[in-house]
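Visitor: I'm new to this one. Can you walk me through it?
Guide: Sure. Take a look, then ask away.

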Amino acid sequence: SSLAKHFPREGIIIRDPSLELIDGQLPIAKFKNERFREKDYSFAVEDFTRLADEEEKVRVFVQKFVTEMRIKKMTDILREQGQFTRSARDIPALTAELMRDIQTEDAMYYDKLEQRMLSRLLPQRVNQLFSQLLQRGDFD
């Protein structure tokens with residue numbers, strides 16, 4: 001988007017202290033550069049809950065919320081723990097970290113997902129994206 005051209009950083013936060021507090025919090029506007037987004041927010045919770053097919057629900061979630069940026073975030077966690085090998089051996093640990101992240105960051109979606117399907121589809125997506133990142137040399 002044109003906003004990303006003007007803000008090469010991760011993003012900006014705009015606060016206006018003259019605004020009224022909402023539930024004790026100052027309202028803010030956050031603009032995040034597309035290159036740094038971990039999720040595709042174009043899919044609202046209401047849209048998600050309208051999906052009747054459980055497998056479709058999991059597929060949409062995995063597609064929208066398991067992104068290259070989020071995989072990179074998980075590799076940073078593994079690297080900090082001294083567990084990142086830059087190989088396919090990282091996939092189970094990446095998947096586990098991602099599952100923990102989803103449970104905390106995306107609880108409103110996670111609670112509505114069929115867990116067996118998520119356990120099957122999540123590692124497939126992690127494998128696909130991580131393999132692409134490895135082939136591109138993103139971790140060299």
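Visitor: At what angle do helix 3 and helix 7 pack?
Guide: Helix 3 covers residues 54–65, and its angle with helix 7 is about 35°. Their axes lie 10 Å apart. Axes are lines fitted to C-alpha atoms, for helices over the stretch in contact, and angles run from 0 to 180 degrees between N-to-C directions. Helices here are DSSP runs of H or I with at least four residues, strands are E runs of at least two, and both are numbered from the N terminus.

Visitor: Is this a predicted model, and how are things counted?
Guide: The model is predicted: local features need pLDDT of at least 70, side-chain atom pairs count only at pLDDT 80 or more, and totals for chains, interfaces and linings use all residues. Residues are numbered from 1 along each chain as its sequence is written, and side-chain values use heavy atoms, leaving out hydrogens and water.

Visitor: Back to that pair. Which residues of helix 3 meet helix 7?
Guide: Among them are Glu54, Val58, Phe61 and Val62. On the helix 7 side, the partners include Met117, Leu121 and Arg125. Contact means heavy atoms within 4.5 Å.

Visitor: How many of the residues in that contact are charged?
Guide: Five are charged, seven are nonpolar and one is polar. Ala, Val, Leu, Ile, Met, Phe, Trp, Tyr, Cys and Pro count as nonpolar; Asp, Glu, Lys and Arg as charged; the others, Gly among them, as polar.

Visitor: What about helix 5 and helix 7, what's their angle?
Guide: Helix 5 (residues 91–105) packs on helix 7 (residues 115–136) at about 120°, with axes 10 Å apart. The two are therefore oblique to each other. Under 35 degrees counts as roughly parallel, over 145 as roughly antiparallel, 65 to 115 as roughly perpendicular, and the rest as oblique.

Visitor: Which residues meet there?
Guide: Helix 5 brings residues including Ile91, Leu94 and Met99. Helix 7 brings, among others, Val126 and Phe130. That contact has ten nonpolar residues, two polar and no charged.

Visitor: New topic. Is Gln132 buried, exposed or partly exposed?
Guide: Gln132, in helix 7, is partly exposed, at 31% relative accessible area. Buried is under 20%, exposed is over 50%, and partly exposed is in between (1.4 Å probe, protein chains only).

Visitor: How far is Gln132 from Glu68?
Guide: They are 64 residues apart in sequence, and 8.9 Å apart C-alpha to C-alpha.

Visitor: And the whole protein, how many helices and strands?
Guide: Seven helices and two strands. The order from the N terminus is α-β-β-α-α-α-α-α-α. Of its 140 residues, 31% count as buried.
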